[in-house]
Amino acid sequence: LQKFLTNTAGFPKTTATEISAAALQGWDSAPLQSLLDQMSGFTGTTPEEALQQVLASADEAVKVASTFGAPSLGRLIPNTDPELIRLQQEERQARLLQPDLLVLQQCLQDLALLANSKSDVNLVLDTLLKGLHQGAGLERVMVSVLAEGQRCFRVRRAIGAQSEDWSRDFVLPAHSPEQPHLFSYVLKSKESLWMGVPASYSLNDLVTQPMRHWLGNGMFFIAALMAGTREIGVVYADCRVSSRALRHEQFVAFQRFTQLASRCLEALTKR
């Protein structure tokens with residue numbers, strides 16, 4: 001790989017050597033990312049463009065190793081599949097996400113002010129998601145609301161790695177007697193739940209196959225979003241990208257944020 005980076009891609013020999021060594025730790029490794037940042041500064045390209053140059057050289061190195069009867073050398077180079085690399089990078093970014101107490105407190109204060117001042121729904125939801133994602137350190141957060149004449153749940157807002165498809169495609173029927181699910185249960189019961197712990201095991205049957213298709217498996221938080229007595233939808237959050245366990249302080253923050261957001265929405269309906 002070093003030779004291809006130097007001779008074909010034009011990387012300085014020292015940098016090519018360092019990149020080749022860092023690549024053994026994976027394309028999403030912190031040392032490699034640091035080197036790509038340095039290269040982008042030298043060449044005027046973005047880190048993503050620098051990575052594409054490295055991957056192209058890696059593919060070429062694998063082909064040459066196979067041609068000359070040394071496939072075992074090619075196998076030392078990590079897989080360059082773009083989708084796999086994207087998932088690895090998202091997992092790395094999720095692992096780096098940590099709670100930020102200053103952001104959390106600021107967003108709580110902002111929501112408290114919004115409940116008593118002129119605001120709009122978008123500002124409320126943006127503050128809610130920022131507080132839960134950046135403040136509480138929850139990797140994926142979604143607000144799913146009743147839509148299409150309250151016939152189904154659709155995603156109004158989502159944030160975090162691997163949540164892109166939710167805003168476009170996520171849908172659950174609101175009324176499904178043949179297959180009741182947790183979204184409708186939580187909204188009707190007006191509860192805040194920590195799923196995946198013993199206290200909620202009795203509700204596991206309400207986590208249906210369609211829900212698992214969209215959300216995956218593991219712990220998550222879910223709570224009703226109200227505007228007074230009016231049912232709006234649910235707030236959902238998890239740390240499934242990195243598979244980290246959820247923590248008690250995150251659940252406390254989750255409950256507080258959803259309560260304040262509901263107060264804001266109630267104030268908006270009164271105006």
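1. Ala224 lies in strand S5, and in this predicted model the residue counts as buried because its relative accessible area is 11%, where the limit for that class is under 20%. Setting aside residues up to four places away in sequence, Ala224 touches Val186, Leu187, Lys190, Glu191, Gly233 and Ser262. Along the chain Ala224 and Thr258 are 34 residues apart, yet their C-alpha atoms are separated by 7.6 Å.

2. The surroundings of Ala224 are best read through its strand. S5 is mostly covered, with eight of its eight residues buried, and the strand has a partner on each side. With strand S4 (residues 192-195), S5 pairs in the antiparallel sense over four bridges, and in that pairing Ser192 stands opposite Ala223 of S5. With S6, S5 is joined by seven bridges, and these two strands also run antiparallel; here Leu225 has Gly233 in S6 as its bridge partner. S5 and S6 form a hairpin that has two residues between the strands, and in this hairpin Gly228 takes a positive phi near 70°.

3. Stepping back to the whole sheet, six strands form an open sheet in the order S3-S2-S1-S6-S5-S4, with antiparallel pairing. Its edge strands are strand S3 (171-173) and S4, each of which pairs on one side only. On average, and with direction ignored, neighbouring strands of the sheet are turned by 25° against each other. Further along the order, S1 and S6 pair in the antiparallel sense over six bridges, and Ser144 stands opposite Val234 in S6.

4. Two helices that pack on the sheet should be described separately. Helix H10 (residues 182-189) touches S1, strand S2 (152-159), S3, S4, S5 and S6, and its direction makes about 50° with that of S5. H12 also packs on the sheet, touching S4, S5 and S6, and its direction makes about 15° with that of S5.

5. Which residues have the most contacts inside the largest nonpolar core? That core has 36 residues, and the ones with the most contacts inside it are Leu128, Leu132, Leu138, Val143, Val235, Phe254 and Phe257. At least two residues of the core are supplied by each of H7, helix H8 (121-135), strand S1 (140-147), strand S5 (220-227), strand S6 (230-238) and helix H12 (248-270). The largest share, eight residues, comes from H12. Taking Leu132 as one of the well-connected members, its contacts, leaving aside neighbours within four places in sequence, are Gly137, Leu138, Val141, Val235, Ala253, Phe254 and Phe257. A second core, separate from this one, has 25 residues and includes Ala174, Leu215, Phe220 and Tyr236.

6. The pair H7 and H8 deserves its own point. Their axes come within 8 Å and cross at roughly 160°; the two helices are therefore roughly antiparallel to each other, since an angle over 145 degrees is counted in that class. The crossing in which H7 passes H8 is left-handed. On the H7 side the contact is made by Val103, Leu104, Cys107, Asp110, Leu111 and Leu114, and on the H8 side by Leu123, Val124, Thr127, Leu128, Lys130, Gly131, Gln134 and Gly135.

7. Is Leu97, which is not part of a helix or strand but of a loop, buried or exposed? Its place is between helix H6 (82-96) and helix H7 (101-114), and at 16% relative accessibility Leu97 counts as buried. When its neighbours within four places in sequence are left aside, Leu97 is in contact with His133, Gly137, Leu138, Glu139 and Arg244. One of these, Leu138, is also among the residues with the most contacts inside the largest nonpolar core. The C-alpha atoms of Leu97 and Ser242 are separated by 9.7 Å, although the two residues are 145 residues apart along the chain.

8. Finally, some totals for the chain as a whole. The chain holds twelve helices and six strands, and buried residues make up 46% of its 271 residues. Among the contacts between residues at least 6 apart in sequence, 63% join residues at least 24 apart.

Terms used. Residues numbered from 1 in each chain as written. Predicted model: local features only at pLDDT ≥ 70, side-chain atom pairs only at ≥ 80, totals over all residues. Heavy atoms only, no water. Buried < 20%, exposed > 50% of the residue type's maximum accessible area, 1.4 Å probe, protein only. Contact = heavy atoms within 4.5 Å. Core = buried A, V, L, I, M, F, W, Y, C linked by side-chain atoms within 4.5 Å. Pairing = 2+ DSSP bridges. Axes fitted to C-alpha atoms, helices over the stretch in contact; angles between N-to-C directions. Parallel < 35°, antiparallel > 145°, perpendicular 65-115°, else oblique. Left-handed = near helix turned anticlockwise from the far one by under 90°.
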